[in-house]
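Got the viewer open? Here is a short tour, stop by stop, with something to select at each one.

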Amino acid sequence: MSSVAIVGAGPGLGAAVARRFGREGFAVALVARHRERLDRMVDELGGQGVRAGGFVADVRRPEELAGALRRAAGELGTVEVLQYSPVPHRDFMRPVLETGHRDLVAPLEFSVYGPVAAVQQVLPGMRRLGRGTILFVNGGTAAVPHPERAGTSVAFAAESAYGHLLHERLAGEGIYVAQLVIPGAITLGHARKDPGVLAEVLWGLHLERHGFRHFADDLDS
């Protein structure tokens, strides 16, 4: 059995994606910083018939993240689908003229070092399977930088570039890489940004495997 690993799993989008992929027979590895939240999510998914496990890691600690994904693959099966979707910290979103070089360290750890560590950990398993999907989920500043959110604007741009490079390089190996840009907040009941709707979009990307950058909603919404 193969698994889907959701890095930055929370009770909104992460849980919705876990349910969607779980319905298709995937085991689910939930990766986040807080053990209690992970345990609650695992229990809820188990009650819905989804095999799941929680793995504690901070995405700003690459070795810790890689270790969590290694344990996930050992317990739940090779990671066939990796979703990288942690929510950035508010203190990353400083005005550009108030952002010094040290203020960019944490956003880059979060949005560049973390994704690279995660991909490098799961890629050998995908290659052994002969297939795989890597999904990056970002906010609107990944596509249009915002002068009041310099940290995420710079870091998401770097993450986007990394993802696009992977998309080009891995396509020939049966490994699909895509980015879903979600402008604004994920909102319950929203026609396009409800967690369940977004989970369906991500499942569709995994199935359809076409193009790199996709938008959940209009950028000016």
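We start at a pocket and then move on to some aromatic rings and a helix.

Before you click, keep in mind that this is a predicted model, where local features need pLDDT of at least 70, side-chain atom pairs count only at pLDDT 80 or more, and totals for chains, interfaces and linings use all residues. Residues are numbered from 1 along each chain as its sequence is written, and side-chain values use heavy atoms, with hydrogens and water left out.

**Stop one: the pocket.** Select S85, P86, V87, P88 and I186: of the 41 residues lining the largest pocket, these are the closest to its centre. The pocket has a volume of about 1,200 Å³. (A pocket here is an open set of points on a 1 Å grid over the protein atoms alone, where a 1.4 Å probe fits, with protein on both sides within 12 Å along at least five of seven lines; lining residues have an atom within 4 Å of a point. The volume is the space filled by probe spheres set on the points.)

Now colour α1 (13-23), β2 (27-32), β5 (132-139) and α5 (150-170), the elements that give two or more residues to that lining. β5 gives the most, with three. (Helices, H or I of at least four residues, and strands, E of at least two, are DSSP runs numbered from the N terminus.)

**Stop two: the rings.** The whole structure holds five aromatic pairs. (Rings of Phe, Tyr and Trp, the last by its six-membered ring, pair if their centres lie within 6.5 Å; planes under 30 degrees apart are stacked, over 60 edge-to-face, the rest tilted.) Show F21 and W203: their ring centres are 4.9 Å apart and their planes at 85°, so this pair is edge-to-face. F21 sits in α1 and W203 in α6 (residues 195-208), so the pair ties together parts 182 residues apart in sequence. Both F21 and W203 are buried (under 20% relative accessible area, with a 1.4 Å probe and protein chains only). Add F26, which ring pairs link with F21 and W203 into a cluster.

Next, show F136 in strand β5 and Y162 in helix α5. Their centres are 6.4 Å apart with planes at 70°, so this pair is edge-to-face. F136 is buried at 1% relative accessible area, and Y162 is buried at 16%.

**Last stop: α6.** Select its buried residues, among them L198, L202 and W203. The buried residues of α6 pack against α1, β4 (79-84), β5, β6 (175-182) and β7 (213-215), where contact means heavy atoms within 4.5 Å.

Methods
Buried means under 20% relative accessible area, exposed over 50%, partly exposed in between (1.4 Å probe, protein chains only).
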